[in-house]
Every structure is written in structure tokens, then in C-alpha cells.
Amino acid sequence: RVLVVDDTRDAADTAGALLELSGYEVRIAYDPGVALNLLDTFLPDVAVLEIGLPGMSGHELAARVRAHPNGRHCHLVALTGYGTAADIARAHEAGFERHLVKPARPDALLEAVEAGMKDSARKRTT
């Protein structure tokens, strides 16, 4: 299960379609508040989050996902236009395990999600 959050609808829909075609159950949110509400009924293994979201940064959203009971074991992937060394370090400090810079290659996104699935499963069993 993958949660995709991006306020750019085309980017969110494209990532979601790629993941669905690859066999993942996907929920898409274009707003961080909607994403948090989805956690009440959806237990994601991986969350792919944009960093530059309106109203709440992806860093804050990552912390709130992890604080939610259904997000505790979620593997976090940043998919963002912010790609400097400082941006990557800040994302890792915020709890992201992976950082992809837009436009990410489809195979890179799929690899990050697959690795995240394994990590999430490991976290759930420990």
C-alpha cells in the first residue's frame, strides 16, 4: 500500500498510475490535510511525499504520518524538486529514508517503493 502526496495533480496522478500498474494499492492526496485523514482508514507501507506542499511542509507531514498509529511503520520517500545536498540532509533529518529529485525516473521510484515495502515489513515484525 502506497500513499502519494503531491499538490501538483499531474505529478501525483502519474506516480500513482505507475505504482498501480506495478501492482500496488495506491491512495493519492493533493493536500497534506487530506493525506492525514486518509491515514484513519488506510495503512500505507510507503508514503511518497512532496516536500514543498501548501500549508504544511513535507517535513512536517512526515512527522505527522509517523505520529499516526497507521503511519508508525511507514517508509518515507521524498519526491521533490529540492535536490541540493542540504535539502537531502534535511529530508533525512526529517525521517525520510529515500530522497528522489523530480523528475524521477520511473524505475527509480519503483525501486524506492520496493525497498520501502521490505523496510516497512521488517519494521512491523520487530
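In strand β3, the bridge partner of Val4 is Val48. Let us start from that pair and build up the picture of this predicted model.

**The sheet**

Val4 and Val48 belong to a pairing in which strand β1 (residues 2–5) and β3 are joined by 4 bridges and run parallel. On the way from β3 to β4, the chain passes through helix α3 (residues 58–67), and this β-α-β crossover is right-handed. Strand β4 (residues 75–80) is also joined to β3 by 4 bridges, and these two strands run parallel. Two facing pairs help you find this place on the screen: Leu49 stands opposite Ala78 in β4, and Ala47 has Leu76 in β4 as its bridge partner.

Now follow the chain further. β4 and β5 run parallel and are joined by 4 bridges. Here Leu79 stands opposite Leu100 in β5. With helix α4 (residues 85–93) in the middle, β4 and β5 make a right-handed β-α-β unit.

The table gathers the pairings described so far.

| Strand pair | Bridges | Direction |
|---|---|---|
| β1 and β3 | 4 bridges | parallel |
| β3 and β4 | 4 bridges | parallel |
| β4 and β5 | 4 bridges | parallel |

In what order do the 5 strands of the open sheet stand? The order is β2-β1-β3-β4-β5, and the pairing is parallel. β2 (26–29) and β5 each have a single partner strand, so these edge strands have one side without a neighbour in the sheet. On average, neighbouring strands of this sheet are turned by 15° against each other, direction ignored. Helix α5 packs on the sheet, where α5 touches β1, β3, β4 and β5, and the direction of α5 makes about 165° with that of β5.

**Inside the sheet**

Look next at the side chains of β3 (residues 46–49). Val46 and Val48 point one way from the strand, Ala47 and Leu49 point the other way, and all are buried. What about β4? Both faces of β4 are covered, with His75, Val77 and Leu79 buried on one side and Leu76, Ala78 and Thr80 buried on the other. Because 6 of the 6 residues of β4 are buried, this strand is largely enclosed by the rest of the structure.

**Two buried residues to look up**

Gly16 has its place in helix α1. Is Gly16 buried or exposed? Gly16 counts as buried because its relative accessibility is 0%. Leaving aside residues up to four places away in sequence, Gly16 touches Val26 and Ile28. Gly16 and Leu3 are 13 residues apart in sequence, and their C-alpha atoms are 8.5 Å apart in space.

Asp45 sits in the loop between α2 (32–38) and β3. With a relative accessibility of 17%, Asp45 counts as buried because the limit is under 20%. Its contacts, again without residues up to four places away in sequence, are Arg1, His73, Cys74, His75, Gly116, Met117, Ser120 and Arg124.

**Empty space and a cis bond**

Rolling a probe the size of a water molecule over the atoms shows where empty space is left. In this model, the count comes to 1 cavity of 30 Å³ or more. About 40 Å³ of space lies in the largest cavity. The residues lining the largest cavity include Val4, Val48, Leu49 and Leu79, names you have already met. β1, α1 and β3 are the elements that give two or more residues to this lining. The largest share, 3 residues, comes from α1.

The largest pocket has a volume of about 160 Å³. Which helix gives the largest share of the lining of the largest pocket? That helix is α1, with 4 residues. α1 (9–21) and α5 each supply at least two residues of the lining. Among the lining residues of the largest pocket are Ala11, Leu18, Leu79, Lys102, Pro103 and Leu109.

Two of these names deserve one more look. The peptide bond from Lys102 to Pro103 is cis, with omega near -10°. Pro103 is found in the loop between β5 (98–101) and α5 (106–125).

Note on methods:
Residues numbered from 1 in each chain as written. Predicted model: local features only at pLDDT ≥ 70, side-chain atom pairs only at ≥ 80, totals over all residues. Heavy atoms only, no water. Buried < 20%, exposed > 50% of the residue type's maximum accessible area, 1.4 Å probe, protein only. Pairing = 2+ DSSP bridges. Right-handed = clockwise from strand over helix to strand, strands pointing away. Axes fitted to C-alpha atoms, helices over the stretch in contact; angles between N-to-C directions. Contact = heavy atoms within 4.5 Å. 1 Å grid on protein atoms, 1.4 Å probe; cavity = no way out; pocket = protein on both sides within 12 Å on 5 of 7 lines; lining within 4 Å. Points joined across faces, edges and corners; volume = space filled by probe spheres on them.
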